Amino acid sequence: MNKVLLLAEILTVASALIVGFHPNILYASVFLLFTFCGVAVMFLFAGADFLAGAQVIIYVGGVTILILFAIMLTQWLYKIKLADIRNKMVVPALLSAAVGVFLYRALHQMVAALPPQTPEALEKFTATPKTAAIGQALLGGYLFPFEAITILLLGAMVGAVWLARPE
Amino acid sequence: MNHLMQFSSSLQGYLAVGAILFSLGVFCVLTRKNAIGILLGIELILNAAGINFVAFSKFRTGLIDGQIVALFIMLIAAAEAAVALAVILRFYRLKQTIDADEASIMRN
C-alpha cells in the first residue's frame, strides 16, 4: 500500500516538474493531467475518497480538457512557439525555491504545535467513507459557504459565456 | 527505501509534496509568457493548498473540515479556470496572441 502512495507522489512531483520546465505549453498541460491523477491517489490514501473522485471528475475530466481546448482554439498546433519560457530563469527559480522552503518550514512548526493522532485513529479515519459526512456538513454547518459557492459558480458560468460570446 | 516509504505516508511527506507543487506553481507563473501557462501554474498552486488541507485533516485534527475546505478550493479553481479561459479567448480575438506581455491596454 505504501508503495502505491510513494509511486503516486513520485508521479505527482515528476509531472509537476515537467509542467514547470517544459517549454511547450501543450506538453505541459498534458503532464498537468498526470499531476492531478497523482494528487487524486494521494487524496485517496489520506482518507478523502469523495475528494479523490471529485478531483478526477473536475480536474482530470474538466479543467485539463478546458485548457487543451483553449490551446487548440488560440494557437495552431504547428504554430505553438517552442520557446515559450522567458530566458531569465535564475531569479524566478531562486524565488520560488525560497517560497517553497519557507512554506515547508512554517508548516513544520504548525505540525509540532498540533497533537498527533494515534495510529489506530489514522487507520479508522482512512477506512471510513466520507461522502455521507461531507453531505451532512455541507447542508449543516457549512450551509452558508455552500450557498455562496453555488452563486459564485453561477456567476462565473454566466460571465464566462458572456465573455466568450461571438462578436 | 523503507525510510522513504515511511516518509511518503507521513504528514511530512504530504507537506513536502505540497511545498514542491507550490514552488513549481510559483515558478511556472513567473517564467511563462503564455497566459495559459500562467493558468497552469495557478492550478498547481491551488492543488498544493488542497493537499495540505487534506493532510492536516487526516494526520492532525481527525475531522473532515479540511476536506470540505479542499472541496471549496477545487470548485473555486474550476470557476476561475472557466473565467480565465474565456478572458484568454477574448484577448486572443482582440490581439491575435495570448502573450501576457501584450496585455497592456490598461497601463496608460
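Start with helix 4 of chain A, residues 90–113, and helix 3 of chain B, residues 35–61. In this predicted model, these two helices pack at an angle of about 20°, and their axes are 12 Å apart. Angles under 35 degrees count as roughly parallel, so helix 4 of chain A and helix 3 of chain B are roughly parallel to each other. The crossing of this pair is right-handed. Which residues make the contact between helix 4 of chain A and helix 3 of chain B? From helix 4 of chain A they are A:L107, A:M110 and A:V111, and from helix 3 of chain B they are B:N52, B:F56 and B:R60. Sorted by class, that contact has four nonpolar residues, one polar and one charged.

Next, a second partner for helix 3 of chain B. Helix 3 of chain A, residues 49–74, crosses helix 3 of chain B at roughly 175°, and the two axes come within 11 Å. Here the cut-off is an angle over 145 degrees, so helix 3 of chain A is roughly antiparallel to helix 3 of chain B. On the chain A side, the contact uses A:L51, A:Q55, A:Y59, A:V63, A:I67, A:A70, A:I71 and A:T74. On the chain B side, B:I36, B:L39, B:L40, B:E43, B:L46, B:N47 and B:V54 take part. Eleven of the residues in this contact are nonpolar, three are polar and one is charged.

The third pair is helix 2 of chain A, residues 25–45, with helix 2 of chain B, residues 11–31. Their axes cross at roughly 155° and come within 12 Å. By the angle, therefore, helix 2 of chain A and helix 2 of chain B are roughly antiparallel. This crossing is left-handed. Helix 2 of chain A contributes A:T35, A:V39, A:M42 and A:F45 to the contact, while helix 2 of chain B contributes B:Y14, B:V17 and B:L21. Six of these residues are nonpolar, one is polar and none is charged.

Now the two chains as a whole. The size of an interface is often given as the accessible area lost when the parts come together. How much area do chain A and chain B bury between them? The figure is about 7,300 Å², with 75% of it on carbon and sulfur atoms. In residues, 84 of chain A are in contact with 74 of chain B. And how many salt bridges are there between chain A and chain B? The count is zero.

Key:
Residues are numbered from 1 along each chain as its sequence is written. Chains are lettered from A and ligands numbered from 1 in the order in which they are written. This is a predicted model: local features need pLDDT of at least 70, side-chain atom pairs count only at pLDDT 80 or more; totals for chains, interfaces and linings use all residues. Side-chain values use heavy atoms; hydrogens and water are left out. Axes are lines fitted to C-alpha atoms, for helices over the stretch in contact, and angles run from 0 to 180 degrees between N-to-C directions. Helices (H or I, at least four residues) and strands (E, at least two) are DSSP runs, numbered from the N terminus. Angles under 35 degrees count as roughly parallel, over 145 as roughly antiparallel, 65 to 115 as roughly perpendicular and the rest as oblique. A crossing is left-handed if the near helix is turned anticlockwise from the far one by less than a right angle, and right-handed if clockwise. Contact means heavy atoms within 4.5 Å. Ala, Val, Leu, Ile, Met, Phe, Trp, Tyr, Cys and Pro count as nonpolar, Asp, Glu, Lys and Arg as charged, and the others, Gly among them, as polar. Buried area is the accessible area (1.4 Å probe) that two parts lose on being put together, summed over both. A salt bridge is a side-chain nitrogen of Lys or Arg within 4 Å of a carboxyl oxygen of Asp or Glu.
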